[in-house]
Amino acid sequence: MRFSKRMDNLAPYLFAEAERKIAEKRAAGVDVISLGIGDPDLPTPQYIVDEMRRQVADPANDRYPSNWGCAEYAEAAASFYKRRFGADVDPKREFMALLGAKEGLAHICFSMLDPGDLALVPDPGYPVYAGASILAGADVRYLPLRPENGFLPDLDAVSEEDARRAKVLFIGYPNNPTGAVVEDDFFTRVVAFAKKHDIAVVHDNAYSELTYDGYVAPSFLATPGAKDVGVEFFSFSKPFNMTGWRTGFAVGNHEMLEHLWRLKTNMDSGMFDALQKTSAFILNGSWDFVHEMCAVYARRRDLLADALTSVGMKVPRIKGTIYMWIPVPDGYTSGSFCDHVLEQAAVVITPGRGYGPAGEGFVRLSLTTPDDRIAEAVDRIERSLKL
Ligand code: MLT
């Protein structure tokens with residue numbers, strides 16, 4: 001058989017590899033604890049499941065949906081964006097339903113980038129930004145996120161040549177994988193940079209609702225001028241424990257959404273109306289469940305931070321996301337530390353190198369595992385470090 005050339009340089013997705021390793025260990029009878037993928041362990045709340053049941057039973061939802069999304073979902077998203085972020089969204093022109101944020105992030109590379117174009121990608125960054133840009137034939141320029149800059153990219157360090165060539169800039173705060181949050185006028189600087197160089201901005205807003213210690217995450221879209229240059233992707237996966245449901249949406253620049261819509265009409269047939277209406281119901285409802293999840297993750301963060309600090313690791317206390325980004329102990333690379341922890345402690349953590357070259361020297365730990373399993377994992381890691 002002959003396959004497409006574009007597959008030649010495409011490695012399996014970061015977590016597909018981890019999934020394979022976990023399956024192998026479990027099949028061999030090993031009790032593996034995963035602090036790898038950010039896949040919430042707690043169930044989707046019952047009030048959402050009940051609404052979905054109601055919507056699935058309604059024959060009005062059985063037929064092809066619109067690729068833009070139904071009016072109910074668009075209006076709920078626009079009113080959520082106004083209420084929560086103070087951002088204006090026109091539900092008729094500036095909204096599109098997505099089969100999860102990942103799908104939108106990957107597809108927008110194909111509506112924005114041609115072979116030979118340049119994408120500016122944070123490093124470390126969610127692997128889809130670079131992966132899908134490369135699949136679209138574009139070149140990737142990594143923008144290093146360094147602890148000393150609060151894990152924000154230094155836009156002044158982008159060369160004139162790269163700024164001229166680049167068509168898209170990816171950003172995402174609260175940030176996966178570093179857990180960093182935006183504290184200053186960063187989004188304003190992004191809009192100015194994008195306007196100056198005619199670069200489209202894609203802001204991944206998957207974690208805005210999972211924040212701690214009183215921090216409230218802003219939306220890129222609420223920044224003056226943001227809709228002239230960019231779009232923002234919101235996801236229900238993490239705040240509502242709905243990773244399997246594949247629901248999210250894009251809001252922002254109409255032209256960018258229209259191109260994405262045209263592409264997607266050729267690739268998928270939109271999102272099940274029952275799921276769209278359930279998503280609208282979630283947005284219009286109470287946020288109590290999300291506040292409960294924030295309390296759960298803050299508790300797990302503290303548990304993990306206290307325990308790892310006591311064994312000599314440097315653990316920053318994140319204000320957002322569900323990930324701890326931790327420097328590896330002396331003598332290890334990110335890969336060798338993950339291998340050590342997997343082999344000696346049967347704990348899965350994610351090597352920072354998987355998020356880009358600047359991720360070397362770090363590992364990512366996800367808080368999506370029950371408290372007692374996190375405690376057990378830390379115990380095992382501690383013992384493995386003494387070996
Ligand atoms: C993560 O663990 O970073 C992601 O949420 C999983 C994914 O979407 O690939």
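Mentor: A polar contact is a pair of N or O atoms within 3.5 Å, and the model we apply this to is a predicted one.

Trainee: What makes Gly38 a polar contact of the ligand?

Mentor: A backbone N or O atom of Gly38 lies 2.7 Å from an oxygen atom of the ligand, and because the limit is 3.5 Å, the pair counts as a polar contact.

Trainee: How do you know that Asn176 and Tyr323 belong with Gly38 in this respect?

Mentor: For Asn176, a polar side-chain atom is 3.0 Å from a ligand oxygen, while for Tyr323 the distance from a side-chain N or O atom to an oxygen of the ligand is 3.3 Å; both values lie within 3.5 Å, so these pairs also qualify as polar contacts. The protein buries 87% of the 270 Å² that the ligand exposes when taken alone, and the residues surrounding the ligand include Tyr13, Phe15, Lys238 and Arg364.

Trainee: Why is helix α12 called roughly perpendicular to helix α13?

Mentor: The axes of α12 (residues 334-345) and α13 (residues 371-386) cross at roughly 105 degrees and come within 9 Å; since angles of 65 to 115 degrees count as roughly perpendicular, the term applies to this pair.

Trainee: Which residues make that contact, and how do they divide by class?

Mentor: Helix α12 contributes Phe337, His340, Val341, Gln344 and Ala345, and α13 contributes Arg380, Ile381, Ser384 and Leu385; by class, the contact has five nonpolar, three polar and one charged residues.

Trainee: What is notable about the backbone at Asp198?

Mentor: Asp198, in the loop between α7 and β6 (200-205), has phi near 55 degrees, a positive value in a residue other than glycine.

Definitions and conventions: Residues are numbered from 1 along each chain as its sequence is written. This is a predicted model: local features need pLDDT of at least 70, side-chain atom pairs count only at pLDDT 80 or more; totals for chains, interfaces and linings use all residues. Side-chain values use heavy atoms; hydrogens and water are left out. Axes are lines fitted to C-alpha atoms, for helices over the stretch in contact, and angles run from 0 to 180 degrees between N-to-C directions. Helices (H or I, at least four residues) and strands (E, at least two) are DSSP runs, numbered from the N terminus. Angles under 35 degrees count as roughly parallel, over 145 as roughly antiparallel, 65 to 115 as roughly perpendicular and the rest as oblique. Contact means heavy atoms within 4.5 Å. Ala, Val, Leu, Ile, Met, Phe, Trp, Tyr, Cys and Pro count as nonpolar, Asp, Glu, Lys and Arg as charged, and the others, Gly among them, as polar. A residue is near a molecule or strand if one of its heavy atoms lies within 4 Å of it. A polar contact is a pair of N or O atoms within 3.5 Å; within protein, one must be able to donate a hydrogen and the other to accept it, and residues adjacent in sequence count only if both atoms are side-chain atoms. Accessible areas come from the Shrake-Rupley method with a 1.4 Å probe; for residues, only the protein chains shown count as cover.
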